[in-house]
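Here's a walk through one model, taken in two stops. Have the sequence and the 3D view open as you read.

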Amino acid sequence: MRSSRLLAPLLVAVSVMTLAGCAGAGPTAAPAAPATPSATRTPTPTPTPIDPLAAWVDERMAGLSTQQKAATMLMLHAPGTDPAPSRALIDAGASGVILMGDNVSGDAPSLAALTAALVADPELPPLIGVDQEGGEVSRLDWDAAASAATLRDAPPAATREAFAARAASVAAGGANVNFGVIADVTSDPGSFISGRVLGIDPAGAAERVAAAVAGERGTVASTLKHFPGHGGAPGDSHTSIPTAPSSLAEWRAGPALPFAAGIDAGAELVMTGHLAYPAVDAAPASLSPEWHRILREELGFDGVVITDDMLMLQHNGLAEYADPGENAVRAVAAGADLLLYVLPADPSQFGISVDGLVASITAAVDSGRISEERLDEAVRHVLTLRRSLA
């Protein structure tokens, strides 16, 4: 903000002529020269420092077509230990890949050789993510750090130590994004997510989520999942749209706390879940403009919003989610920056291709269903993260 300063002008002094008191007055004194008013000066504004990262991203974006921007919003999976199929996704314009168990064989150096082959542009490395929570969800055999089953009963410092070691294991394999910080919270042992949570109460989970992000900080990018919270939504989002009975006020007082703590700790990504809180929005959070607004405006998150695997929407069998192109458009329009797809070797069995997804998003931009501003916002978030990892 700039503060304006008003300079009061100086008054011009007027000289007074003095007259002699008798006839034949002496010479009149010459009037004094008027004082010159000071010039009114506007302070020179201090130049706003240029953010080199933002400037670099803006320059890169200026050269992208709408189709290229749409491709930038994709993060996909290609099975197998041959890097060629994954590299083909990057060459097609996708921003990254997610590694699954079928990509990992042997040790960290073997995986690092695969991931090194995916880097097409060292100035803008791809996002290479992995679900390395430890415990129930683990892709990397060399990660021996403690899992949630142990950490939820230990002091938060133990979580920070474990996730620092976990991040090192992820980085050793050449990945730069960990989809590993569960911010869901539940005390229900029958919950789908129960074995993976870092706390059974919101306050305890919040402390450990923040510690996990702090542990990963500077080694890999951290991801909080599954926003707005799977713990209160019974059911498995891989095959259904779990529904939470909570009101927005109840959510703010409970499930929101671990996400808020992780965001404050510096998490670079938040993963939205395919789960619904009807009191807030009937749509699953991954497709909900209102949940994206809450994430941005109420929790203050300014990083990358990534969806959970978009194929999960198709797997639930509901006709509303049968069209992958429509699902992609709804997610982007709602506020997603990055769309995640765990694809099989033949994605066409689900009606999916990179070209098809790009075409759906591009058509939505052309029709105005997705605004240019929304598209650019998403791409800017993604490119900023990629560039920061260079």
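What follows covers a pocket and then a pair of packed helices.

First, some ground rules: this is a predicted model, where local features need pLDDT of at least 70, side-chain atom pairs count only at pLDDT 80 or more, and totals for chains, interfaces and linings use all residues. Residues are numbered from 1 along each chain as its sequence is written, and side-chain values use heavy atoms, with hydrogens and water left out.

Start at the largest pocket, which holds about 300 Å³ of space. (A pocket here is an open set of points on a 1 Å grid over the protein atoms alone, where a 1.4 Å probe fits, with protein on both sides within 12 Å along at least five of seven lines; lining residues have an atom within 4 Å of a point.) Its lining has 18 residues, and Ile-90, Gly-93, Ala-94, Leu-124 and Arg-386 sit nearest the centre. Helix 2 (66–72), helix 3 (83–91) and helix 14 (372–388) each chip in at least two lining residues, with helix 2 giving the most, three.

Now swing over to helix 7 (residues 202–216) and helix 9 (residues 256–264), which pack at about 25° with their axes 8 Å apart. That angle makes helix 7 roughly parallel to helix 9 (the label covers angles under 35 degrees). Where do they touch? Pro-202, Ala-205, Ala-206, Val-209, Ala-210 and Val-213 of helix 7 meet Leu-257, Pro-258, Ala-261 and Gly-262 of helix 9, with contact meaning heavy atoms within 4.5 Å.

Terms used:
Grid points are joined across faces, edges and corners, and a volume is the space filled by probe spheres set on the points. Helices (H or I, at least four residues) and strands (E, at least two) are DSSP runs, numbered from the N terminus. Axes are lines fitted to C-alpha atoms, for helices over the stretch in contact, and angles run from 0 to 180 degrees between N-to-C directions. Angles under 35 degrees count as roughly parallel, over 145 as roughly antiparallel, 65 to 115 as roughly perpendicular and the rest as oblique.
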